[in-house]
Structure formats: C-alpha cells, structure tokens
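This report looks at how some helices are placed against one another, and at one helix by itself.

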Amino acid sequence: MVEPPSFLSAKDVGSFAYLTMKDRTPQILTRAIDTLHRHKSEFFEKHGEEGVEAEKKAISLLSKLRNELQTDKPVVPLVEDCADTDLWNQHLQYQRSLLNESDGQPSWFRSPWLFVECYMYRRLHEAVIQSPPINDFDVFKESKDQNFFESQESIIALCTHLQELLRTIEDLDENQLKNEFFKLLQVSLWGNKCDLSLSGGESSSQKTSVMDSLEDLKPFILVNDMEHLWSLLSKCKKTREEASVDRVYIILDNSGFELVTDLVLADFLLSSKLATEIHFYGKTIPWFVSDTTIRDFNWVIEQMKQCNHKWMSKCGVGWENYIKVGRWVYRDHIFWTLPHDYSAMSQVAPDLYAELQKACLILFKGDLNYRKLTGDRKWDFTVPFHQALRGFHPAPLCSIRTLKAEVQVGLQPGRGEQLTALEPNWLTTGKYGIFQFDGPL
Ligand code: F6P
Ligand code: MG
C-alpha cells in the first residue's frame with residue numbers, strides 16, 4: 001500500500017488546525033471554566049464543603065490544561081484509571097515513537113491535530129472525574145440543551161412534515177418514496193452545520209426551516225451519492241425475507257437540532273421499510289462540545305414527548321416506543337472517544353468492528369467522523385474515498401458531513417482548485433456538504 005500523506009497539524013502555522021488549537025480550543029476551555037463557576041450554587045454547593053472544593057479543583061485542573069496547551073507543553077499521560085486509560089497512554093507512546101530524538105516530546109502544536117484535539121477533550125473529562133462528587137457533570141450540557149430550544153421552530157416544521165408523510169407513506173409510489181428519502185437525508189446533512197465546536201462553544205442553532213431551503217442548498221453538495229444509498233436500501237427491502245433483519249447503523253454526531261434530524265431520518269427508514277432496525281452509536285463522555293451522549297439522547301426524546309406541540313410530542317412518543325420494542329437501539333463504545341482513526345478499529349476494537357459488520361449500511365454523521373475515516377491527512381482532493389479509508393470496510397458506509405476541516409477526497413479533477421480560487425475557506429466553514437459512499441454497488 002502507498003504510504004498516506006502526512007497528518008494535518010497545528011505545526012503548519014496559519015492552517016485551520018493551527019487556528020483551532022491557538023484560538024478555539026482555549027476559548028472552549030474558558031467557557032467550560034465559566035460554566036463550572038456559574039453552576040456553583042446550583043450543583044456544587046448542595047454537596048457542602050466537599051462540593052465547593054470539587055468545583056475549585058476542577059477549575060484549577062482546567063486552567064492548568066489551558067496553560068499547557070497555550071504554552072505548547074509536552075503531552076502527558078492520563079493519570080485516572082478508567083476503561084480507556086491504557087489505550088490512551090499506549091497511543092501517546094506510539095506518538096512518541098513517531099518522533100526523532102531531536103524533535104523532543106509530542107506537544108500540542110507539533111503533534112497530529114486529530115490526536116491533540118481528542119486528547120484535549122479527554123483531559124477535560126479527566127479534570128471532572130478527578131473532582132468527586134461532581135464527576136458526572138457535563139460542562140457542555142447547557143449549550144447542547146440551548147441549541148435544542150433555539151431550534152424549536154425548525155424542529156416543529158420538521159416533525160409536522162414527518163407526521164404528514166407518515167399518514168400517507170403506504171400510498172407513495174417508488175419515486176415519491178425516493179424523493180422523501182432524499183429530502184430527509186439532506187435535512188440530516190445540513191443539520192450538521194449546527195455543531196458547537198466550530199463556533200468555539202457559542203450558540204449555533206437552526207433558526208429557519210431547513211425543509212424550505214433544500215433546493216437553494218443543493219449546489220453546495222460537492223459529492224452526492226444519495227442514489228447509491230437508495231439503490232442499496234431499496235434492494236434490501238425487495239430481497240428481504242420474512243422475519244429477517246436489515247440494520248442501519250447511525251454513528252451520531254451532535255445533539256440538539258442535528259440529533260432530531262437524525263431521528264427523523266431513522267423514523268422514516270423504519271416507516272418506509274427501507275430498514276427494519278436502527279442502531280445508534282453515541283459518545284461515552286462529553287466530546288467536541290456538542291456530541292451526543294446517552295443523557296442527551298434520552299433528554300431530547302423526553303423533551304419532544306413532553307412538548308405541547310402535537311406533532312413534536314407525537315414524534316417523541318413514537319420514538320420512545322421504538323426504543324421499548326427494540327427497533328431502535330442506542331449503543332456506545334469507548335473506541336469513539338479514542339484518538340485512533342478508523343483504519344485502526346479492527347485492531348484496537350475488534351468487537352466493535354465485528355458489530356458494524358452486521359450492518360446493511362453505516363451512516364457516519366459529521367466532520368470529526370470524516371477526519372477519522374480518512375485519517376485526517378493531507379490527501380489530494382482526487383484520491384478515491386475507498387483508498388483514503390485504508391482498509392476500513394466493515395460494511396457499505398456513507399459519510400454525511402458538512403466540511404469543517406482541511407480534508408476532502410473523491411472530488412473531480414480540478415474541482416478542489418476551482419473552489420479554492422473562488423472561496424479560500426471552502427473546506428472549513430460548514431457551507432459545503434457531502435454524501436460520500438463506499439461499498440459494492
Ligand atoms: O473546530 C472544528 C472542529 O473542532 C473540527 O475539529 C471538528 O471536525 C468539528 O469541529 C466538529 O464537527 P462535527 O461536529 O461535525 O464533527
Ligand atoms: Mg460534533
């Protein structure tokens with residue numbers, strides 16, 4: 001196999017990786033400190049003296065972390081003993097082994113960006129778990145919830161659309177069903193604009209109805225493999241034998257509006273019989289600000305259920321029922337919050353790889369998943385997606401992602417250069433999106 005190109009890294013001054021480490025990550029840590037401080041009376045003081053001390057300790061660990069990052073200190077091993085600690089520390093050793101002696105230790109601005117950015121979130125988690133009794137506090141919960149509330153109007157529009165669709169779904173012909181599938185795929189794609197990491201933790205919600213903008217947004221889809229998804233799933237549906245199972249796995253990204261778009265898509269997949277089971281994977285720890293944890297997943301469904309809007313609450317009730325009867329399954333696995341890219345999954349987490357092999361299709365939501373699929377490397381824009389996956393082929397898969405990092409493969413010759421000339425920041429603003437498929441056709 002040809003050696004892949006080098007990693008994106010903050011050592012490239014002026015790159016997006018550099019700007020993220022220099023500006024956005026310290027800003028995210030500052031907001032986390034501020035959040036701990038603001039919740040002092042609400043969460044910590046109720047634990048008495050112990051709670052007050054815990055809050056102080058977490059804040060001082062986070063300030064230390066921010067200082068290490070900003071002064072480009074060496075990356076140090078994790079100290080708290082958790083299920084993933086050894087894997088992290090082994091990976092740190094591996095990063096060390098990649099350097100020559102004259103290069104010194106791996107540090108924040110000299111290591112691969114994917115590694116240090118993941119490490120930052122893992123250290124943030126360590127600061128919280130080292131501070132009992134507040135060790136299950138999610139410093140990003142408030143922003144995730146706010147994103148949901150601020151997107152209320154668009155959520156209502158989307159739920160109303162879904163419920164109207166479900167009433168007539170049995171009467172739709174193939175073409176109409178396909179059109180609806182494509183619409184909800186696009187809603188889920190543009191829902192990925194709403195992550196809170198690109199905005200440095202600032203609010204980033206969906207205030208207008210995406211349903212109404214789909215036509216205007218079409219020119220911004222750079223790779224559009226929606227037809228492949230349709231062929232694959234409609235073939236599954238046609239050839240399915242009674243009582244057999246066709247699973248779609250959705251590797252979730254952000255909570256709030258994006259999660260609702262994913263759940264709407266998941267509902268449609270079952271209602272249209274394009275799949276018979278949906279398995280969702282979320283994160284075990286707070287991650288990249290807005291990523292979905294089990295708490296967020298349950299919270300969003302509960303909010304929907306309790307909402308006094310008829311169609312929104314109908315969605316919530318239906319979704320809770322899917323979970324009860326086991327047609328929707330929420331799972332997690334520590335691999336998703338390790339720094340490894342997905343080509344390492346079969347080695348590092350063979351159980352997860354074997355699980356994913358049961359899928360008829362895996363949907364990877366969001367930018368970070370794309371970076372991990374492609375190894376976060378400086379690929380030429382025309383390199384085939386299959387090649388950039390470097391052996392990660394558990395089942396047919398598709399990345400649904402708005403572009404927020406300087407990595408993109410599988411473009412037509414000249415397209416990347418043309419976009420760069422037109423809009424130098426096209427790779428990082430979230431304005432463009434892709435449906436990029438890999439698998440047998
Ligand atoms: O700052 C940008 C960034 O942190 C990228 O590193 C990351 O890929 C993205 O935000 C998170 O986006 P998403 O939620 O789509 O994975
Ligand atoms: Mg995210």
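Axes here are lines fitted to C-alpha atoms, for helices over the stretch in contact, and angles run from 0 to 180 degrees between N-to-C directions. The model is predicted, and two helix pairs in it are set out below.

| Helix pair | Axes come within | Crossing angle |
|---|---|---|
| α12 (residues 294-306) and α13 (residues 310-324) | 6 Å | roughly 130° |
| α8 (residues 174-191) and α11 (residues 257-271) | 8 Å | roughly 160° |

With axes that cross at roughly 130°, α12 is oblique to α13, and α12 passes α13 in a left-handed crossing. On the α12 side the contact involves I301, M304, K305 and Q306, which meet M312, S313, C315, G316, V317, W319 and E320 of α13; by class, these residues are six nonpolar, three polar and two charged.

For α8 and α11, angles over 145 degrees count as roughly antiparallel, and the two helices are therefore roughly antiparallel to each other. The crossing in which α8 passes α11 is left-handed. Residues E180, F181, L184, L185, V187, S188 and G191 of α8 make this contact with F257, E258, T261, D262, V264, L265 and F268 of α11, a set that divides into eight nonpolar, three polar and three charged residues.

Helix α3, residues 48-70, has 23 residues and reaches 34 Å from its first C-alpha to its last, close to the 33 Å expected at 1.5 Å a residue. Its buried residues are A54, E55, A58, L62, L65, R66 and L69, and the buried residues of α3 pack against α1 (16-38), α2 (40-44) and α5 (113-129). After α3 comes D72, with a positive phi near 55°.

Terms used: Residues numbered from 1 in each chain as written. Chains lettered and ligands numbered in written order. Predicted model: local features only at pLDDT ≥ 70, side-chain atom pairs only at ≥ 80, totals over all residues. Helix = DSSP H or I, 4+ residues; strand = E, 2+ residues; numbered from the N terminus. Expected span 1.5 Å × (residues − 1). Buried ≥ 20, exposed ≤ 12 C-beta atoms within 10 Å, placed from the backbone. Contact = placed C-beta atoms within 7 Å. Parallel < 35°, antiparallel > 145°, perpendicular 65-115°, else oblique. Left-handed = near helix turned anticlockwise from the far one by under 90°. Nonpolar A, V, L, I, M, F, W, Y, C, P; charged D, E, K, R; others polar.
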